Number of protein chains: 2
Amino acid sequence: MKETDHTIEAKILNAAENVFQRKGMDGARMQEIANEAGINKALLHYYFRSKQLLFEAVFKKAFSLLAPQLNKILNDDSSVEDKIKNFSFNYISFISEHPYLPNFIISELNRNPNFFLTIKEPHGFPRLDKFKKQVETDVEKGILKPIKAEQLFMNIIALNVFPFIGKPLIKSITNVDEETFNALLEERKTQVATFIIDAIKTR
Amino acid sequence: MKETDHTIEAKILNAAENVFQRKGMDGARMQEIANEAGINKALLHYYFRSKQLLFEAVFKKAFSLLAPQLNKILNDDSSVEDKIKNFSFNYISFISEHPYLPNFIISELNRNPNFFLTIKEPHGFPRLDKFKKQVETDVEKGILKPIKAEQLFMNIIALNVFPFIGKPLIKSITNVDEETFNALLEERKTQVATFIIDAIKTR
DNA sequence: ATTTAGTTTAACCAAATGGTTAACAAAGGT
DNA sequence: ACCTTTGTTAACCATTTGGTTAAACTAAAT
């Protein structure tokens, strides 16, 4: 993991990232973040006024890592089939490097759904429009079986994201160890796309 | 919602359920639970010794609602195809009545993966064995395309559970309102099964 | 009627927590 | 050199929080 910067602000942000993503907003302690950053607790408040603001900074940074991944599938120029293949492969690789990310985003979003409105404005927030038209066209052409873009999108995200979020549950039920589970994830990099395409393509 | 019982203990458990499932272990406050149960805070500790124990009671109760749903798909005698159809339909109906349940279980499991070991012992904890053999047999027979039972299981759970957990995210990106989102969920009761079956069945 | 056991409450407590303050150090401009 | 701004810290503070206590109430048993 290459630390982006060694300014104090970056050290704080990194430490906060770790703590918040492991413990969530409510479980995180400012003191723990300070310790992990190797600084005084008052300095946290000097750089980021409050826990809430520090949390928002972390959340926005996290989401700004995820957003481009989503945009890739939505606003690309490639075919639906290629999008599914690329997204599944890249996403699973990407998240394997940031395993806390999906659970963090989704948990905190459930804790406070309204908070999302704050973020929707600035950078390239993912929008479905283009993907939607593409799917509708392909369905009309008879390339794809009839399916709403929203449903297909939900399915793609679900199949790729859920294994990371549901990992403890799945590991328990399927009774596999860490190593085997990771092997399953590796396998999914290609299998998920095949699964989806088999489900939607006419022949 | 028919309250199961009006004994104090049940009132506490109900209140704790609401608060814990809304705010999580860390975000929940004993005082809030007491208020919601309409009793004194000390009484919480009289019935359940600590916050931790009260939480565990709530978690176990919640999981004991989910477990039979999972067992249905795992230990049933019906065909793989029927299992997928029944599970998808029933699960989405069931969760629509308990919308906080999946997020609660999964979030808390991620917060403390070890905790699950406590629960694994007692009642019918879901096991994959039977379903696994069934899938392997069907693959050998050529009824199903080659797929590991673990992967298929993950896919089924992902497609059914994720929309509830990822609701805030999905609603934002697809830009649909509450009503439309619920309509999509309703549609999924049958569409998810079709999607899966199209993906795995040979023809 | 009195004891006894279980139930319920108000008041209390120690620890933890987010946040502040005031003093001090470093750096930069003049 | 001197002063102003910015960065950093230890000590402190008010509030919140999970948990306790001791007393009061209730109802059944003796």
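**Note on the surface near DNA strand D and some residues of chains A and B**

1. In this predicted model, the residues of the surface near DNA strand D fall into eight nonpolar, three polar and three charged. Tyr counts as nonpolar here, a point to keep in mind when reading that division.

2. DNA strand D is surrounded by 14 residues. The closest come from both chains: A:Tyr46 and A:Tyr47 on one side of the list, and B:Arg29, B:Lys41 and B:Lys51 on the other.

3. Which helices each supply at least two residues of the surface near DNA strand D? They are helix 3 (41-47) of chain A and helix 3 (41-47) of chain B. Helix 3 of chain A gives the most, with four residues.

4. Among the atoms of DNA strand D within 4 Å of the protein, sugar or phosphate accounts for 59%, and bases make up the rest. Individual contacts involve both phosphate and base atoms, as the next two points set out.

5. Two side chains can be listed for the phosphates. An N or O atom in the side chain of A:Tyr47 is 2.8 Å from a phosphate oxygen of DNA strand D. For B:His45, an N or O atom in the side chain is 3.2 Å from a phosphate oxygen of that strand.

6. On the base side, B:Lys41 has a side-chain N or O atom 2.5 Å from a base oxygen of DNA strand D. B:Lys41 is also one of the closest residues to the strand.

7. A separate matter is backbone geometry. Most residues other than glycine have a negative phi. A:Asn175 is not a glycine, yet its phi is positive, about 60°. The residue is found in the loop between helix 10 (167-174) and helix 11 (178-200) of chain A. A:Asn175 counts as partly exposed because its relative accessibility is 47%, and that class lies between the cut-offs of 20% and 50%.

8. In chain B, B:Asn175 likewise has a positive phi of about 60°. Its place is the loop between helix 10 (167-174) and helix 11 (178-200) of chain B. With a relative accessibility of 48%, B:Asn175 counts as partly exposed.

9. Is A:Lys141 buried or exposed? A:Lys141 is exposed, because its relative accessible area is 59% and the cut-off for exposed is over 50%. The residue is found in helix 8 (residues 129-141) of chain A. From A:Asp77, A:Lys141 is 64 residues apart in sequence, and the C-alpha to C-alpha distance is 18 Å.

Terms used. Residues are numbered from 1 along each chain as its sequence is written. Chains are lettered from A and ligands numbered from 1 in the order in which they are written. This is a predicted model: local features need pLDDT of at least 70, side-chain atom pairs count only at pLDDT 80 or more; totals for chains, interfaces and linings use all residues. Side-chain values use heavy atoms; hydrogens and water are left out. Buried means under 20% relative accessible area, exposed over 50%, partly exposed in between (1.4 Å probe, protein chains only). A residue is near a molecule or strand if one of its heavy atoms lies within 4 Å of it. A polar contact is a pair of N or O atoms within 3.5 Å; within protein, one must be able to donate a hydrogen and the other to accept it, and residues adjacent in sequence count only if both atoms are side-chain atoms.
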